Amino acid sequence: MKLAVHDLSKVFVTGTGERVPALEGINLTVGDEEFLCILGPSGCGKTTLLRIIAGLETPTTGSIEVDGQALDGPSRRIAMIFQEYSLFPWRTVLENVVFGLEVQGKSREDRLAAARKYLGLVGLGSFEKSFPYELSGGMRQRIAVARALATEPAALLMDEPFGALDAQTRNLMQTELQEIWKKTRKTIIFVTHSVDEAVFLADRIVVLTQRPGRVREIVHVKKCPHPRDRTCSDFVEIRRHVLDLISAGSSD
Amino acid sequence: MRRPLGIILPILILIFWEIAAQLINNQFILPRLETVIPVLLDPTVNILGTGSLLQNAALSLERVGAGFLVALAIAVPLGVGMGWSQRLDAFVDTTVQLFRPIPPLAWGPLAIAWFSVGINSMVFIIFLGAFFPILLNTIDGVRGIKRTWVEVAQTLGASEGQVLVKVVLPGAAPTIWTGLRVGFGIAWMCVIAAEWLPGTTTGLGYLTLYAYNYGQMHYTIAAMITIGIIGIAFDLLFRSVEDRWFAWRGLER
């Protein structure tokens, strides 16, 4: 699916009536099966941008189009994966993964078949009956991914999904996500503040400025083949360029 | 270690009770253990024409059950609404705060005037006792729902009704359950006092007062102990359900 963001801005109004601009003049397009990273310092509005695309917030101006149709509110074609606290603690792993299909009114057989398929894909087929609190942070995020994929969305939005994980698990999850992306060919929009993560994962990186967030530059990473070697010269070069963009942005 | 240590004091109290009862030697001030224990061990014997200990306990429980269920049926939906909608909360909260400090028993005269003597006035008082803890805990539980849970459901295509039924209710359930446990405990205390209202002729609460009027204090104490045992039993029942159903509580990650 193709997703386009047109002239989007977002202004928050605080309790005292103060207007705080979070995003300004955002234009971008995301192609079919593309892996796009949105990168920026904390407070730059990258999460807000993702939440607007997810339909959880409304833009102040501008619009979002999915395959030429204007988006308003959450769409079943777009699923979101949150940083943490997203699994329902009262449901088992399997019951969590079927949730989307359940509210969409799919039959019990279809729900179970899809849930088992995607639990298998994330390598947790044997944890069906476990509860989220019995699992590690990395496993919980894999279940969140399986739950999102089970509804067969065209696009996945990921809001710093590995931000709460330790460095080792994080690297492992990045590699696994690459493999899942290759197998499922979803469009992925991935928000992160880690340059390394963005360069490792993305086809293109949208670098945002500090608040209010504007698009500073869109960096193409595609010339580095997957799986990426974090020590190869292309990787290091792109990484340095992105770091320069970010540090230049913060000294403005 | 806690339990063995905790059992020592009750045993000491029983021993001192018996010693004191023998020294005082007045059945009205403090009846001896051996007059109270047989009453508890034979709970089907008719006491002073009011029915047996078991029959009176069953009647008290029936009244509590009725008042508690009415409170549950009103307080849980209202609490979910107030926790979910700020407008409804703003509309109702002041009224709740005004009525809450009035002890349920203070409604006794009005209850009798409105519902006449009998079960309805007692159920009304019990209802008032159980209502507020259930309501306040339900509101708390709904407000404690993690926003991410609701947003996940929305992005997966859940309607507002589905969010309420599949996310808000189960997410708030542990706290609502705490409200039910506390509400039932208060309801149980209220029924005893409600049975002191004029016109009542049955129930454990009535029995405590009735036996006193006849100077049969060992029956009063036997009824008190029965009240305590039933109270503990229900509290344990609520807690065991809590442990089984809501093991995830406090472990949300």
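**Entry 1: a helix pair in chain B**

I started with helix α2 (residues 33–41) of chain B and helix α10 (residues 217–245) of chain B, which pack at an angle of about 50° with their axes 9 Å apart. That angle makes α2(B) oblique to α10(B). I noted the hand as well: α2(B) passes α10(B) in a right-handed crossing. A reminder to myself that this is a predicted model, so every value here is computed from it.

Next I looked up which residues meet. From α2(B) I wrote down T35(B), V36(B), V39(B) and L40(B), and from α10(B) their partners H218(B), Y219(B), I221(B), A222(B) and I225(B). Sorted by class, this contact has seven nonpolar and two polar residues, with no charged ones.

**Entry 2: chain B as a whole**

I stepped back to the full chain. Chain B has 10 helices and zero strands, so I have α-α-α-α-α-α-α-α-α-α in my notes as its pattern along the sequence. Its C-alpha trace spans about 75 × 50 × 30 Å along the principal axes. Of the 253 residues in chain B, 37% are buried. I also checked how far contacts reach along the sequence: in chain B, among those with a separation of 6 or more, 70% are between residues 24 or more positions apart.

**Entry 3: two loop residues in chain B**

L48(B) caught my eye, with a positive phi of about 50° although it is not a glycine. For context, most residues other than glycine have a negative phi. I found L48(B) in the loop between α2 and α3 of chain B. Is L48(B) buried or exposed? I counted 12 other C-beta atoms within 10 Å, and the cut-off for exposed is 12 or fewer, so L48(B) is exposed.

Then S85(B), which sits in the loop between α3 (53–84) and α4 (86–99) of chain B. S85(B) has 13 other C-beta atoms within 10 Å, so I put it down as partly exposed. I also took a distance from there: the C-alpha atoms of S85(B) and M189(B) are 32 Å apart, and the two residues are separated by 104 residues along the chain.

**Entry 4: where chain B touches chain A**

Here I counted 18 residues of chain B in contact with 22 residues of chain A. On the chain B side, α7 (147–155) and α8 (160–194) each supply at least two residues. Which helix gives the largest share of that side? I found α7(B), with seven residues. By class, the side of chain B that touches chain A has eight nonpolar, five polar and five charged residues.

I stayed with α7(B) a little longer. Its buried residues are W149(B), E151(B), V152(B), A153(B), Q154(B) and T155(B). I asked what covers them, and the cover includes β6 (78–81) and α3 (99–103) of chain A together with α8 of chain B. After α7(B) comes G157(B), with a positive phi near 100°.

**Entry 5: chain A as a whole**

Chain A has eight helices and 10 strands. I compared its radius of gyration, 18 Å, with the globule rule for 252 residues, which also gives 18 Å; the two are close, so chain A is as compact as a globular protein of that length. Along the principal axes, its C-alpha atoms fill a box of roughly 55 × 45 × 35 Å. I have 42% of the 252 residues of chain A down as buried. Of the contacts in chain A between residues at least 6 apart in sequence, 69% join residues at least 24 apart.

**Entry 6: a helix pair in chain A**

I looked up helix α5 (residues 137–150) of chain A and helix α6 (residues 167–184) of chain A, whose axes come within 11 Å and cross at roughly 20°. That makes α5(A) roughly parallel to α6(A), and I noted their crossing as right-handed. From α5(A), G137(A), G138(A), Q141(A), V145(A) and L149(A) meet T169(A), L172(A), M173(A), I180(A) and T184(A) in α6(A). I sorted this contact too: five nonpolar, five polar and no charged residues.

**Entry 7: backbone oddities in chain A**

E160(A) is not a glycine, yet I read a positive phi near 40° for it. E160(A) lies in the loop between β7 (155–159) and α6 of chain A. With 20 C-beta neighbours inside 10 Å, E160(A) counts as buried.

My last lookup was the peptide bond joining R211(A) and P212(A), which is cis, with omega about -5°. P212(A) is in the loop between β9 (204–208) and β10 (215–220) of chain A.

Notes. Residues numbered from 1 in each chain as written. Chains lettered and ligands numbered in written order. Predicted model: local features only at pLDDT ≥ 70, side-chain atom pairs only at ≥ 80, totals over all residues. Contact = placed C-beta atoms within 7 Å. Helix = DSSP H or I, 4+ residues; strand = E, 2+ residues; numbered from the N terminus. Nonpolar A, V, L, I, M, F, W, Y, C, P; charged D, E, K, R; others polar. Rg over C-alpha atoms; globule rule 2.2 N^0.38 Å. Axes fitted to C-alpha atoms, helices over the stretch in contact; angles between N-to-C directions. Parallel < 35°, antiparallel > 145°, perpendicular 65-115°, else oblique. Left-handed = near helix turned anticlockwise from the far one by under 90°.
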